[in-house]
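Biologist: I'd like a close look at one serine and then a walk through whatever else stands out. Please keep the cut-offs handy as you go.

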Amino acid sequence: MLEIHQFLCLTDNFGVLVHDPVSGATAAIDAPEAAPILKALADKTWQLTDILVTHHHADHTQGIPELKAAFPNVRVVGPAQEAAQIHTLDETVKEGDVVRVGGHAAKVIEVPGHTLGHIAYWFDKDSVLFSGDTLFALGCGRSFEAPSEVLYRSVMKLGTLPAATQIYCGHEYTLSNGRFALSVDPTNEKLKKRMAEIEELRAANRFTLPTRMDLERATNPFLRADDPDVQAALGLAGADPAKVFAELRERKNHFRG
Ligand SMILES: [Zn+2]
């Protein structure tokens, strides 16, 4: 059984530790900030063995040097396509590669869009996905380095994973994502119910992650660009879902909710 410990870094980044109790192996998913990751390791009395990087942005990589200094044998794994931007990688991976954390294995899924080389880590036997800044609860990342069609294909690629997949992502953005989701999918009863739960969690200063793939498919507008209600709310009934997705992404960029 994989143990997962999630905590806050910086302002709204998640730090996540993945621990295999049998071997003692522990991986950090990205490294937004060293201090809270080191504190989480100390709290759990876990030794850091691996860092799995999803993409090159500083708020996912800037903690790596300090973690390497504290754990000199740590192995840093990241996307081959971003090796030139992430100078701290020990191993590079690409689509279909398998990354082991002790006795557990993650499949690498390439999901370009937010950045060109962005990857996700899918522990398929454990039903856990680390989606970085590609798929968020009720949202998705911005398409910084590619046209939105590229990000659309990546988001939909993750959307095909099994319904019970637990999803961890890079940021606690769910409340603002949900306000936008309601603006473009106002009659979705599952979304309304979920938003009520999210408001309660955030009011109690609790995390809204992990989420589940079936819940995202039912409530995340970026996975619902082919849904007639979402299309109608945007005035794009019958349009190509990739175009609907582009419109969603554009509106979200300017949304103040
Ligand atoms: Zn990012």
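Biologist: What is the relative accessible area of S127?

Modeller: A word on ground rules. This is a predicted model, so local features need pLDDT of at least 70 and side-chain atom pairs count only at pLDDT 80 or more, while totals for chains, interfaces and linings use all residues. Residues are numbered from 1 along each chain as its sequence is written, and side-chain values use heavy atoms, with hydrogens and water left out.

On to your serine. S127 has a relative accessible area of 28%, so it is partly exposed (buried is under 20%, exposed is over 50%, partly exposed is in between, with a 1.4 Å probe and protein chains only). You'll find S127 in the loop between β9 (119-123) and β10 (helices are DSSP runs of H or I with at least four residues, strands are E runs of at least two, both numbered from the N terminus). The backbone is what makes S127 worth a look: its phi is near 55 degrees, positive in a residue other than glycine.

N205 makes a good companion to it. Phi of N205 is also positive, about 60 degrees, although N205 is not a glycine. N205 counts as exposed because its relative accessibility is 61%. The loop that holds N205 runs between α6 and β14, and P210 is in the loop between α6 (189-203) and β14 (211-212). There the backbone has another oddity to check, as the peptide bond from L209 to P210 is cis, with omega near 5 degrees.

Now back to β10, which brings us to the metal. D133 sits in the loop between β10 (128-130) and β11 (135-136), and its OD atom is a donor to the zinc ion together with NE2 of H55, ND1 of H57 and NE2 of H114, at 2.2 to 2.3 Å (donors are N, O and S atoms within 2.8 Å of the metal, or 3.2 Å for Na, K and Ca; water is not among the atoms, so sites may look incomplete). The donor spacing in sequence reads H-x1-H-x56-H-x18-D. H55, in the loop between β4 (50-52) and α2 (58-61), is 78 residues from D133, and the pair links distant parts of the chain. Both H55 and D133 are buried.

D20 is a buried acid too, but without a salt bridge (a side-chain nitrogen of Lys or Arg within 4 Å of a carboxyl oxygen of Asp or Glu). R100, the nearest side chain of opposite charge, is 8.7 Å away from D20 (Lys and Arg count as positive, Asp and Glu as negative; His and chain ends are not counted). D20 is in the loop between β2 (13-19) and β3 (26-29). Leaving out residues up to four places away in sequence, D20 touches A25, V101, G102, G103 and H104 (contact means heavy atoms within 4.5 Å).

D229, in helix α8 (residues 228-233), is another aspartate to click on. D229 counts as partly exposed because its relative accessibility is 44%. Again skipping residues up to four places away in sequence, D229 touches V184, D185 and T187. The C-alpha atoms of D229 and D185 are 6.6 Å apart, although 44 residues separate the two along the chain.

Plenty of other charged groups do pair up: searching the whole structure turns up 15 salt bridges. One of them joins the side chains of D43 and K39, at 2.8 Å from N to O. Those two are four residues apart in helix α1 (residues 34-44), so about one helical turn separates them. D43 counts as exposed at 53% relative accessibility, and K39 does at 51%.

Helix α9 (residues 241-254) holds E247 and R251, four residues or about one turn apart, and their closest N and O atoms are 2.7 Å apart in a salt bridge. E247 is partly exposed because its relative accessible area is 29%; R251 falls in that class with 34%.

D97 and K94 form a salt bridge as well, with 3.8 Å between the closest N and O atoms. D97 has a relative accessible area of 23%, so it is partly exposed, and K94 is partly exposed with 46%. Finally, have a look at D50, R75 and E91, which are linked in a network of salt bridges.
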